[in-house]
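User: I've got a protein model open on my screen and I'd like to learn how to read it. Can we go through it together, one question at a time?

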Amino acid sequence: MIFERVRSVSDVLLVAPVRGVESEVAPAIAAVDAFGPDAIGIGLSPEELAGLTEYFVTSEAEPLVPLTSNETSEVRGLSRFGPVRVPNPSYVELLIWARLRGIPVMPLDPSDEAHASLFAEHIGYVELVRRTVRERSVARHPPAPSTPDEFALAWDREVAKGRGSRAFARSRDEELVAAAQSLGAGRSRIAVVVDRERFAQVRSLLAGSAAPSPG
């Protein structure tokens, strides 16, 4: 888990736990708790946030979560570092934490429909085929670094290294940062929570969106 305070339209704490790893939950919540945000923005679409809230935060029983073969391989690769949960436990537990304290949580990613449009805009047929091949390859031979942090970065580098995939990721992160700016307007401090592999680009975009100093 990595976090950093970034000065943007407001004081922002950017938190990036490794997706799925249970041991990332406590430090992520501790960082947000110490920061004391007025609101939390999370790297999920409105539909994803609504689903997590309905089925994993307010429901008495959690449903079974079907996984793709790629997700199954990622979980297996991460399991060497300890228990892994699906959906991302850092998001679920942060939602519970915020709900108990009355802190609003807003989705920052585009809607599922807008996400699909962005994907189609940047991922052409050739890139889609190459991306699928890369996903299958990394699923068969997952990276074997020494930490969850390194695993998440290595996995993403392998799957999303094509030009179209990089352009898609940047466009999605630009949408997220624009939403974070809207969330931060009129608030003194917000927390922004994203998957580990998005940290560097989101941090750069947030810092670039900082309001100019007066005078």
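User: Let's start somewhere simple: in which helix is the place of S69?

Analyst: Before we dive in, keep in mind that this is a predicted model. Helices are numbered from the N terminus, and the one that spans residues 69-78 is α3. S69 has its place in helix α3.

User: Is S69 buried or exposed?

Analyst: The relative accessible area of S69 is 61%. Exposed means over 50%, so S69 counts as exposed.

User: How far apart in space are S69 and A139, C-alpha to C-alpha?

Analyst: Along the sequence, S69 and A139 are 70 residues apart. In space, the C-alpha to C-alpha distance between S69 and A139 is 7.6 Å.

User: Let's zoom out. What pattern does the protein chain follow along the sequence?

Analyst: The protein chain has nine helices and five strands. Read in sequence order, they give β-β-α-β-α-α-α-β-α-α-α-α-β-α.

User: What is the radius of gyration of the protein chain, and how does it fit the globule rule?

Analyst: For 215 residues, the globule rule gives 17 Å. The chain's own value is close to that, so it is as compact as a globular protein of that length. The C-alpha atoms fill a box of roughly 50 × 45 × 35 Å along the principal axes. The radius of gyration is 17 Å.

User: Which residue forms an aromatic pair with F81, and which parts does the pair tie together?

Analyst: The structure holds three aromatic pairs. In one of them, the rings are 6.4 Å apart centre to centre with 75° between the planes, which makes the pair edge-to-face. F81 lies in the loop between α3 and α4, while its partner is in helix α7, so the pair ties together parts that are 70 residues apart in sequence. The partner of F81 is F151.

User: Is F151 buried or exposed?

Analyst: F151 belongs to one aromatic cluster with F81 and W155. Buried means under 20% relative accessible area. F151 is at 1%, so F151 counts as buried.

User: The loop between α3 and α4 has come up already. Which residues does a cis peptide bond join there?

Analyst: Most peptide bonds are trans. Here, though, omega is about 0°. One of the two residues, P87, has its place in the loop between α3 and α4. The cis bond joins V86 and P87.

User: On to charges. How many residues apart are R19 and E74, which meet in a salt bridge?

Analyst: The closest approach in this bridge is 2.7 Å, N to O. R19 sits in the loop between β2 and α1, whereas E74 is in helix α3, so we can call them distant parts of the chain; R19 is partly exposed at 26%. E74 is buried, with a relative accessible area of 12%. In sequence, R19 and E74 are 55 residues apart.

User: Which other residue forms a salt bridge with R19, at 2.7 Å?

Analyst: This partner is in the loop between β5 and α9, 178 residues from R19. Salt bridges that share partners join R19, E74, D195 and E197 into one network. The partner at 2.7 Å is E197.

User: Which residue's side chain meets R85 in a salt bridge?

Analyst: The structure holds 13 salt bridges, and in this one the N to O distance is 3.2 Å. R85 is partly exposed at 27%, and its partner is partly exposed at 24%. The partner of R85 is E93.

User: A charge can also meet a ring. Over which ring does the charged end of R189 sit?

Analyst: For a charge to count as sitting over a ring, it has to be within 6 Å of the ring centre. The charged end of R189 is 4.6 Å from the centre. The ring belongs to F35.

User: Last one: about how much area does the nonpolar surface patch with V129 cover?

Analyst: V129 is in helix α6 and is partly exposed, with a relative accessible area of 37%. Y125, V126, V129 and V133 make the patch. The area of the patch is about 410 Å².

Notes:
Residues numbered from 1 in each chain as written. Predicted model: local features only at pLDDT ≥ 70, side-chain atom pairs only at ≥ 80, totals over all residues. Heavy atoms only, no water. Phe/Tyr/Trp six-rings, centres within 6.5 Å; stacked < 30°, edge-to-face > 60°. Helix = DSSP H or I, 4+ residues; strand = E, 2+ residues; numbered from the N terminus. Buried < 20%, exposed > 50% of the residue type's maximum accessible area, 1.4 Å probe, protein only. Lys NZ or Arg CZ within 6 Å of the ring centre and 35° of its normal. Patch = residues over 30% accessible without salt bridge, like charges linked within 9 Å, V, L, I, M, F, W, Y side chains within 5 Å. Areas by Shrake-Rupley, 256 points an atom, 1.4 Å probe, with all protein chains shown as cover. Salt bridge = Lys/Arg side-chain N within 4 Å of Asp/Glu carboxyl O. Rg over C-alpha atoms; globule rule 2.2 N^0.38 Å.
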